[in-house]
Amino acid sequence: MDETDSSTTTTGLPSDRGGKDLGVFMPMANGGWILSSTTPTLDGSYAYNRQVARLAEQGGLDFIMAMAKWRGFGGHTEHWRRSLESQLLMAALAEATQRVKVWATVHTLLQNPAVTAKMIATLDHISGGRAGLNVVTGSFKDEFEQMGAWREDVDHDQRYDLADEWVQVVKRLWTEPTVNFDGRYFQMKDCQSDPKPLAHPHPFLVCAGTSPKGMQFTVDRMDAIFLGGSDLADLTAKSRQAKAMAAASGRSIKTYSMINLVLGDTDSDAQAREARYRDGFDEGAFHGMLRAYGFLDAEIGKENAFTRKARTGFIAEHVVGAPATVSAHLIRMLNECQLDGLMLIFPDYLEGLPLFSAQILPRLRARFPERA
Ligand SMILES: Cc1cc2nc3c(=O)[nH]c(=O)nc-3n(C[C@H](O)[C@H](O)[C@H](O)COP(=O)(O)O)c2cc1C
C-alpha cells in the first residue's frame with residue numbers, strides 16, 4: 001500500500017458529507033456511448049462540451065470528467081474518431097465553470113509523470129482547486145502502436161506496476177520540494193514541480209481498474225474506483241470487495257459506477273427511443289470496439305455472453321424510462337450497491353441533462369441528503 005498517503009482525501013464532494021457524488025461523462029468524442037447511426041448527433045465538438053459543462057454546473061451536478069482517447073473504433077459511423085484532448089478540454093471547461101470538479105484522464109503509458117504532475121497542478125490552479133485525474137494504463141494496442149508507444153515488453157499486469165511507480169512519482173512531485181526516484185520504469189533525479197496543487201493532500205484521483213491487478217492498484221493508490229457489473233448483485237459484490245480491499249490496505253475508497261440514461265416522457269416513449277437507437281447498430285464499430293478490448297480477429301464474429309449483451313450497441317450499462325422510473329433505478333443502485341456516486345451519460349446531453357436536473361436529481365438529493 002501507499003505508506004505516504006493512507007489518509008482520506010478531502011474532496012469537497014457531497015459524499016464526504018453523506019450525500020452522493022453525481023457527475024457527467026463528457027461527450028468529447030463523436031458518437032458518445034452508443035454504437036449507432038440512429039442516435040441524436042453527438043459531434044464531440046468543443047462548443048457542445050462547453051454547453052454540457054455549463055448545464056451540469058447550473059443543474060447542480062458535482063463533477064465533469066473527460067476520457068482520453070487516441071483512436072476510434074471505425075465502422076460507418078467512424079465512432080470516436082474525433083476526440084478532444086482530455087487535459088486541455090478540462091482546462092478550458094474550468095474557465096467556463098465555477099463550481100463543478102473538473103477531472104481529466106491521462107494514460108500512464110504515454111505521458112511522463114512529471115509532465116502530468118505539472119499539467120494537473122496547473123489545472124488545479126486554473127480551476128481554484130477543482131482538478132482531478134482519472135488514471136488509465138492504456139490497453140488498446142492499436143491506440144498506442146499507431147504512435148510507436150506500445151510496449152510489447154510490458155504486459156497487462158506490468159502496466160499496473162508501471163502505473164504504480166508513475167502515481168507515486170506524481171503524488172511526491174505534488175507534495176515534495178524535490179524528488180529522487182529510482183524505479184524499474186521511471187527515474188527522477190532532483191526532479192522539481194512547482195507550484196504545488198491547491199488541493200490537499202492532492203487533486204482527486206480515480207481509476208477504473210477492473211481486473212484483480214487493476215482493482216488492487218486502484219484501492220491502494222486512488223481516492224475512487226469506477227466499477228461495472230452484469231447486474232445489481234454483481235455491482236454490489238464489487239463495491240463491497242473494493243471497500244474491503246481498501247480497508248485491508250488501511251485506506252478507504254469511494255465506489256462509483258457509470259450509466260447511460262435513456263429518458264422519455266413515459267416509459268414506452270423511452271423504450272421506443274432505445275429501440276430506434278438499436279436499429280442503427282454499427283456492426284463495424286462494434287468489431288473495432290472488440291478489437292480494442294483485446295478480442296482477437298478470429299473471436300470477433302463469435303457469440304458469447306459479453307458479445308450478446310454488447311451487441312445492442314450500448315457501450316455502458318443503461319437504464320430506460322420516464323424520470324420516475326429512472327430515479328427509482330438510480331436510488332436502488334446507489335443504495336443497494338453501496339455506491340458513493342454515479343457518472344452519467346446521455347444519448348442527447350442537451351435534452352437529457354436538464355431533464356435529469358429538474359426531475360431526477362431532486363429525488364436523489366432528497367433520498368441521500370448531505371449532512372450540514
Ligand atoms: C468510467 C470509465 C472510464 C474509463 N476511461 C478510460 C479512458 O479515458 N481511456 C482509456 O483508455 N480507458 C478508460 N477506461 C478503461 C479502464 O481504465 C480500464 O482499463 C478498464 O476498466 C479495464 O480494467 P483493467 O485495466 O483492470 O483490465 C475507462 C473505464 C471506465 C469504466
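In this predicted model, G60 makes a good place to start: this glycine takes a positive phi of about 95° just after helix α1. The helix itself covers residues 46-59, 14 residues in total, and reaches 20 Å from its first C-alpha to its last, close to the 20 Å expected at 1.5 Å a residue.

The buried residues of α1 are N49, V52, A53 and A56. They lie on the same side of the helix, because the arc they cover around the axis is only 100°. The spacing fits a familiar rule: an α-helix has 3.6 residues a turn, so residues three or four places apart point the same way. As for their partners, the buried residues of α1 pack against two strands, β1 (21-25) and β2 (63-65), and two helices, α2 (86-96) and α13 (349-367).

Further along the chain, strands β5 (residues 179-182) and β6 (residues 187-191) run antiparallel and are joined by 3 bridges. Together β5 and β6 form a hairpin, with 4 residues between them. Within this pairing, V179 stands opposite C191 in β6.

Some backbone angles also deserve a look. Most residues other than glycine have a negative phi, and most peptide bonds are trans. Against that background, D190 has a positive phi of about 45° although it is not a glycine. D190 belongs to strand β6, and it counts as exposed because it has 8 C-beta neighbours inside 10 Å, where exposure requires 12 or fewer. W80 likewise is not a glycine yet has a positive phi, here of about 65°. This tryptophan lies in the loop between β2 and α2. W80 is buried, because 27 other C-beta atoms lie within 10 Å and the cut-off is 20 or more.

Cis peptide bonds come next. The bond from D194 to P195 is cis, with omega near 5°, and P195 sits in the loop between β6 and β7 (204-207). The bond from H200 to P201 is cis as well, its omega being near 0°. P201, too, is found in the loop between β6 and β7.

Finally, there is the ligand. Its surroundings comprise 16 residues, the closest of which are M67, V136, A208, S211 and G214. Sorted by class, this shell around the ligand holds 10 polar and 6 nonpolar residues, and no charged ones.

Conventions: Residues numbered from 1 in each chain as written. Predicted model: local features only at pLDDT ≥ 70, side-chain atom pairs only at ≥ 80, totals over all residues. Near = placed C-beta within 6 Å. Nonpolar A, V, L, I, M, F, W, Y, C, P; charged D, E, K, R; others polar. Expected span 1.5 Å × (residues − 1). Arc of directions from axis to C-beta. Contact = placed C-beta atoms within 7 Å. Pairing = 2+ DSSP bridges.
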